[in-house]
Amino acid sequence: MIIDDIKNLVSADESRTLELKKTTGELKDGMHSACAFLNTEGGWLIFGVAPKSLKIIGQEVTDKTQQEIAQALAGLEPAVDVRVAYVDVPEHPGNKVIAIHFDGWVWGERPHTFHGCPYYKVESTTKVMPQDMYDERIRAHQPQLYAWERLAANGVTLADLNENLIRNCIRRGIDGGRIPESALYEPTGDILSKWKLLKNGVPTNGAVLLFSNNIDEYPQFTLRMARFVGTNKNMFRDNQRAEGNFFQLLDAGVAFCFKHLSLSGRITNHSLEREEQLEVPYHALREALINALCHRHWERYNLTISLAIYDDRIEIASPGIFPPQITPENIKEPHESYPHNLKVAEALYRMTYLENWGSGARRIMDACQAQGVETPTWSSDGGFVTITFKRPDFKSDIIENDKEDKKITEGGKYPLSTPQVPPKHPLSTPQVELLIQKMEDSYMTMRNMADICDIKDLKYFRERYINPALEEGLIERLYPNQPKHPKQQYRLTEVAKEWLTNNIK
């Protein structure tokens, strides 16, 4: 490296990948930036350049200077192997510019720290890495040690696990050829230990997710389900919330689909028996629900999986993100499996609820194609992964409505162009509608809310106003996981605000 290379590097101001220091008197701050480069996109740390004027001055470099730099680099963990370049400055004889390049972070690597503290870059600024970002990178580096599913469950014992459910799952795995028949005669604790679902004899979070009846400390073990009217969240016919372990949530989701999707039947030639099928294949919906439950980020305790059925589509949204190797586009292509909850996925594979080798998306698409239904799409907004199925009956419904409109028009009742107005009152009770109309756009106590509705009896108000509004997702708590918090307050949700905008003039 020569001085012209330095001039090219510092031709612009400091950035996400360039940090300038006047001398090694700022060595400690420089190492903060070095750590940040290692945890972000990499970059150059250069001593001997004035940051504001960008004048290349250099500094005197002695043996002591080099020792100080080596000692400072030793403060980076994990250790890094970098080459320190000392470049002569012709305009200042005897002075040198010190330039060090650091490679950027790669998914799966351990995050770097300097003297125990992690740093990262936000544009040109060096900041201490947030704890949740650091924890996520640690989990990615050593999932076997830090994954949520492998942590010992708090307050749960083997007695809290449903032994009949475990035995039924074992039998299913034996029938599928994935569990040896000898497992029938082994204690369930031994089986769970082999599956890495026990830690020092205590059930892990993964074991609780699969088999526990005690889910009091797991508010995320929830599935929200709604059947909306139309193609948005303004109105709904049905709004439910299921709580339980993996299999209870799966059963609840499948039952909700059967309740609200069209079911048709046909007589098969080979058996002369009636074969019934949902408008969107049952096997595709079930596989999508299994994937949502298996691969969601369960450590995000304040979020829940949702199943939303609209007139034109079905959406299943699961908290989390795609693995770095998977995108909404390439998920439809053959790919390897990158489960977020490895031990849960392995157990479900043994029990034949899940296949291996990342074939879930392929099976969903195959099921849809076999029934002549459009294959679904996947999307991610950084917080949720969503799979969307189009309802095949939606267009035909519009055609049937048009035919009916035409008949009525010919009868002279009303012109074909008359718009179809949705019902004005989509909410469950007049009390709920009154409440959301009168609430302010901020948190309110229950007493304040009761006063604006002119209700004195708080018990009556909670039962007739608060509880139904919470169930319908129209209001939310300030402390969602502590319903009886002494300073509890409530506010309107986005669903309620959207309904107000569209229905209240």
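## A guided tour, beginning at helix α2

Select residues 27–39, which form helix α2; its 13 residues reach 18 Å from the first C-alpha to the last, close to the 18 Å expected at 1.5 Å a residue. The structure on display is a predicted model.

Keep α2 selected and show its surroundings. Eleven of the 13 residues are buried, so α2 is largely enclosed by the rest of the structure. To see the buried residues individually, colour Leu27, Gly30, Met31, His32, Ser33, Ala34, Cys35, Ala36, Phe37, Leu38 and Asn39.

Next, narrow the selection to Phe37, which lies in this helix. Phe37 is buried, and its relative accessible area is 0%. Add Leu18 to the view: although Phe37 and Leu18 are 19 residues apart along the chain, 8.8 Å separates their C-alpha atoms.

The following stop is strand β1, residues 18–21, where Lys21 is found. Is Lys21 buried or exposed? With a relative accessible area of 10%, Lys21 counts as buried, because the cut-off for that term is under 20%. Display the side chains of Lys21 and Glu19, which make a polar contact with each other at 3.3 Å. Then select the residues that Lys21 contacts beyond its neighbours within four places in sequence: Glu26, Asp29, Gly30, Leu45, Ile46, Phe47, Gly48 and Val49. One of these contacts, Gly30, is also among the buried residues of α2.

Move now to helix α7, residues 188–194, and select Thr188. Thr188 is buried, with a relative accessible area of 14%. Not counting residues up to four places away in sequence, Thr188 touches Glu163, Ile166 and Arg167.

For the last stop, select two helices together: α14, residues 430–438, and α16, residues 458–471. At what angle do the axes of α14 and α16 cross? The crossing is at roughly 80°, and the axes come within 9 Å. The two helices are therefore roughly perpendicular to each other.

Show the side chains where these helices meet. On the α14 side, the residues are Gln431, Val432, Leu434 and Leu435; on the α16 side, they are Tyr460, Phe461, Arg464, Tyr465, Pro468 and Ala469. Colouring this contact by residue class gives eight nonpolar residues, one polar and one charged. Gln431 is the polar residue and Arg464 the charged one.

Key. Residues numbered from 1 in each chain as written. Predicted model: local features only at pLDDT ≥ 70, side-chain atom pairs only at ≥ 80, totals over all residues. Heavy atoms only, no water. Helix = DSSP H or I, 4+ residues; strand = E, 2+ residues; numbered from the N terminus. Expected span 1.5 Å × (residues − 1). Buried < 20%, exposed > 50% of the residue type's maximum accessible area, 1.4 Å probe, protein only. Axes fitted to C-alpha atoms, helices over the stretch in contact; angles between N-to-C directions. Parallel < 35°, antiparallel > 145°, perpendicular 65-115°, else oblique. Contact = heavy atoms within 4.5 Å. Polar contact = N/O pair within 3.5 Å; in protein donor to acceptor, adjacent residues only side chain to side chain.
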